[in-house]
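Biologist: Can you pull up the model? I have some questions about the fold, the packing and the charged pairs.

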Amino acid sequence: MRKADRTLSLDVMPPGLDICIATRERTLTCIHRFLSAYADLSEDAVRDDVKVRPTGSPEGFVSGTLANTLAYGLAQADRAFTLYFRGQPPHYRPMLYFSPHGRLLLGLSVEACTPEGASNDAQAEYRLQRLKAEFHTEYGLIALELPPEEADAEFAPHLF
């Protein structure tokens with residue numbers, strides 16, 4: 001094998017602006033509305049090996065189907081974990097975070113800059129305002145590469 005053949009090629013994602021809202025409802029109806037609008041579930045809907053790693057835990061487990069995983073997250077208000085999905089075009093990366101505070105965070109991630117190098121701040125702000133209107137909440141934020149548990153910490157512990 002030539003040296004060039006042994007080179008590992010990594011698919012590196014560009015920096016993203018994470019858009020996150022805290023919803024008033026932690027329900028299957030809310031989740032389905034978000035996923036149907038933003039996620040491409042063509043693969044995830046038929047999988048039976050979805051994995052969950054509870055926030056703060058070094059170990060995860062196979063939770064089964066997406067339906068089982070969502071039911072697991074909704075079963076107890078203090079369960080905390082994140083699910084990431086492939087986005088529908090124009091390829092925003094949707095995320096669900098089951099917060100240990102009993103709320104649900106819905107998120108999208110957009111590239112911080114356009115391919116031409118211009119800022120995507122206006123696009124992120126537009127998406128944030130749209131999400132807030134769609135899910136009837138005033139609680140949202142935009143940050144560069146902010147993990148869901150840190151976004152959750154930005155919201156008051158008992159918003160609702």
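Modeller: Here is a run through those topics.

Modeller: This is a predicted model: local features need pLDDT of at least 70, side-chain atom pairs count only at pLDDT 80 or more, and totals for chains, interfaces and linings use all residues. Residues are numbered from 1 along each chain as its sequence is written, and side-chain values use heavy atoms, with hydrogens and water left out.

Biologist: Fine. How many helices and strands are in the protein chain?

Modeller: The protein chain has 4 helices and 7 strands. Helices (H or I, at least four residues) and strands (E, at least two) are DSSP runs, numbered from the N terminus.

Biologist: In what order do the elements run from the N terminus?

Modeller: The order is β-α-β-β-α-β-β-β-α-β-α.

Biologist: What share of the residues counts as buried?

Modeller: Of 160 residues, 39% are buried. Buried means under 20% relative accessible area, exposed over 50%, partly exposed in between (1.4 Å probe, protein chains only).

Biologist: And what about contacts between residues at least 6 apart in sequence?

Modeller: Of those contacts, 62% join residues at least 24 apart. Contact means heavy atoms within 4.5 Å.

Biologist: On to helix α2. Which of its residues are buried?

Modeller: In α2 (residues 66–75), Leu-66, Thr-69, Leu-70 and Gly-73 are buried. They span an arc of only 95 degrees around the axis, so they sit on the same side of α2. The arc is taken from the directions from the helix axis to the C-beta atoms.

Biologist: What do the buried residues of α2 pack against?

Modeller: They pack against α1 (28–38), β2 (50–52), β3 (61–64), β4 (81–84) and β5.

Biologist: Which exposed residues are on the face turned away?

Modeller: That face of α2 carries Ala-67 and Ala-75, both exposed.

Biologist: Now the strands. In what sense do β1 and β7 pair?

Modeller: Strand β1 (residues 16–23) and β7 are antiparallel, over 5 bridges. Two strands pair if DSSP finds at least two bridges between them. Asp-18 has Ala-143 as its bridge partner in β7.

Biologist: How do the side chains point along β7?

Modeller: They alternate along residues 140–144. Leu-141 and Ala-143 point to one face and are buried. Gly-140, Ile-142 and Leu-144 point to the other face and are not buried.

Biologist: Charges next. How many salt bridges does the count come to?

Modeller: The count is 7. A salt bridge here is a side-chain nitrogen of Lys or Arg within 4 Å of a carboxyl oxygen of Asp or Glu.

Biologist: What does Arg-103 form a salt bridge with?

Modeller: Arg-103 bridges to Asp-152, with the closest N and O atoms 2.8 Å apart. The pair links distant parts of the chain, 49 residues apart: Arg-103 is in the loop between β5 (95–98) and β6 (104–111), and Asp-152 is in helix α4 (residues 148–154).

Biologist: Is that pair buried or exposed?

Modeller: Arg-103 and Asp-152 are both buried.

Biologist: Where do Arg-130 and Glu-134 lie?

Modeller: Both lie in helix α3 (residues 121–134), 4 residues apart, about one turn of the helix. Their side chains meet in a salt bridge at 3.3 Å, N to O. Arg-130 is partly exposed at 35% relative accessible area, and Glu-134 is partly exposed at 24%.

Biologist: Which residues are linked in a network of salt bridges?

Modeller: Asp-44, Arg-47 and Asp-49 are. Within that network, the closest N and O atoms of Arg-47 and Asp-49 are 2.9 Å apart. Arg-47 is partly exposed at 32% relative accessibility, and Asp-49 is partly exposed at 36%.
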